[in-house]
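Colleague: Hi! I'm new to this one, could you walk me through it?

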Amino acid sequence: MAVGEGLSFESAIESDSAPVADLVLGLLKANIAVHCLRDLTRGGLASALVELSSGGKWNLSVDESAIPVREDVRGACEMLGLDPLYVANEGRFVAFIDQKDIKRALELMQSHPLGQGASLIGKVQSAGSGRVVLKGAIGSERLLDMLSGEQLPRIC
């Protein structure tokens, strides 16, 4: 996409495509109470969270500063006019884990080469209308919606 726009970057942005089966199997084998898993391939993290919250009628609170987005990716998204929360991530997933198992799940995922960036980004607040509230770094809040308009073209 950057090449088509005549842009280049100082650092080479590498694909995040990766198999997540080992990470998921690790959670299951450790008897982590996994309520739900969702890949971030279509519509990115924001769309996945909105789909899950609206389908289950749960309100979610998400801390934007806890979402791991590399600086080179953030910079490229800014240059291309993209929101990194809506960019497809083919080697990432969101997991809804029982409160009692969060610490163990994070330790387990972070010990795996493909899960080193795993982090707690939010929580289920309550049963409700199925909305996702993103809390920004400066204290602002905004509702996340489904991706509108065209998604990025798939390369693979």
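Modeller: Happy to; we can go through the sheet, the cores, two helices and some salt bridges.

Colleague: Before we start, what kind of model is this?

Modeller: This is a predicted model.

Colleague: Okay, the sheet, then. How many strands form it, and in what order?

Modeller: There are 4 strands, arranged 4-2-5-6 in an open sheet with mixed pairing.

Colleague: Which strands stand at the edges?

Modeller: Strand 4 (122-127) and strand 6 (141-144) do. Each has a single partner strand, so one side of each is left without a neighbour in the sheet. From one strand to the next, the twist averages 25°.

Colleague: And how do strand 2 and strand 5 run, parallel or antiparallel?

Modeller: They run parallel, and 4 bridges join strand 2 (residues 58-63) to strand 5 (residues 132-135). If you want a spot to look at, find Ser61, whose bridge partner in strand 5 is Val133.

Colleague: Which helix packs on the sheet?

Modeller: Helix 2 (residues 44-56), which touches strand 2, strand 5 and strand 6. The direction of helix 2 makes about 155° with that of strand 2.

Colleague: Let's go inside. Which residues of the largest nonpolar core touch the most other members?

Modeller: That core has 18 residues, and the ones touching the most other members are Leu45, Leu49, Val62, Ile67, Leu85, Val132 and Leu144. Helix 2, strand 2, strand 3 and strand 5 are the elements that give two or more residues to this core. Helix 2 gives the most, with 5 residues.

Colleague: Pick one for me. What does Val62 touch?

Modeller: Leaving out residues up to four places away in sequence, Val62 touches Leu49, Ile67, Ile121, Gly122, Val132, Val133, Leu134 and Lys135. Apart from this core lies another one, of 11 residues, and among them are Leu23, Leu27, Phe93 and Leu106.

Colleague: Why would side chains like that gather inside?

Modeller: As a general tendency, nonpolar side chains in soluble globular proteins are buried together.

Colleague: Now helix 1. Which of its residues are buried?

Modeller: Leu23, Val24 and Leu27 are the buried residues of helix 1. They cover an arc of only 95° around the axis, which puts them on the same side of helix 1. Strand 1, strand 3 and helix 4 are included in what covers them.

Colleague: What does the face turned away from that buried side carry?

Modeller: The exposed residues Asp22 and Lys29 are on that face of helix 1. Just after helix 1 you'll also find Asn31, which takes a positive phi of about 55°.

Colleague: You mentioned helix 4. Which residues are buried there?

Modeller: In helix 4 (residues 102-110), the buried ones are Ile102, Ala105, Leu106 and Met109. Their arc is only 95° around the axis, so they sit on the same side of helix 4.

Colleague: Is there a general reason for that kind of spacing?

Modeller: An α-helix has 3.6 residues a turn, so residues three or four places apart point the same way.

Colleague: And what do the buried residues of helix 4 pack against?

Modeller: They pack against helix 1 (21-29) and strand 3 (89-97).

Colleague: Changing topic: how many salt bridges are there in the whole structure?

Modeller: A search of the whole structure finds 8 salt bridges. In one of them, Arg38 pairs with Glu51, with the closest N and O atoms 2.3 Å apart. This pair links distant parts of the chain, with Arg38 in strand 1 (residues 34-40) and Glu51 in helix 2, 13 residues apart.

Colleague: Are those two buried or exposed?

Modeller: Arg38 is buried, with a relative accessible area of 17%, and Glu51 is partly exposed at 35%. Arg38 and Glu51 are also linked with Asp39 in a network of salt bridges.

Colleague: Which residue does Arg104 meet in a salt bridge?

Modeller: The side chain of Arg104 meets that of Asp101, at 3.3 Å from N to O. Arg104 counts as partly exposed, at 38% relative accessibility, while Asp101 counts as buried, at 4%.

Colleague: Where is Asp101 found, and what does it touch?

Modeller: Asp101 is in the loop between strand 3 and helix 4. Not counting residues up to four places away in sequence, Asp101 touches Asn31, Ile32 and Ala33.

Notes
Residues numbered from 1 in each chain as written. Predicted model: local features only at pLDDT ≥ 70, side-chain atom pairs only at ≥ 80, totals over all residues. Heavy atoms only, no water. Pairing = 2+ DSSP bridges. Axes fitted to C-alpha atoms, helices over the stretch in contact; angles between N-to-C directions. Contact = heavy atoms within 4.5 Å. Salt bridge = Lys/Arg side-chain N within 4 Å of Asp/Glu carboxyl O. Buried < 20%, exposed > 50% of the residue type's maximum accessible area, 1.4 Å probe, protein only. Arc of directions from axis to C-beta. Core = buried A, V, L, I, M, F, W, Y, C linked by side-chain atoms within 4.5 Å.
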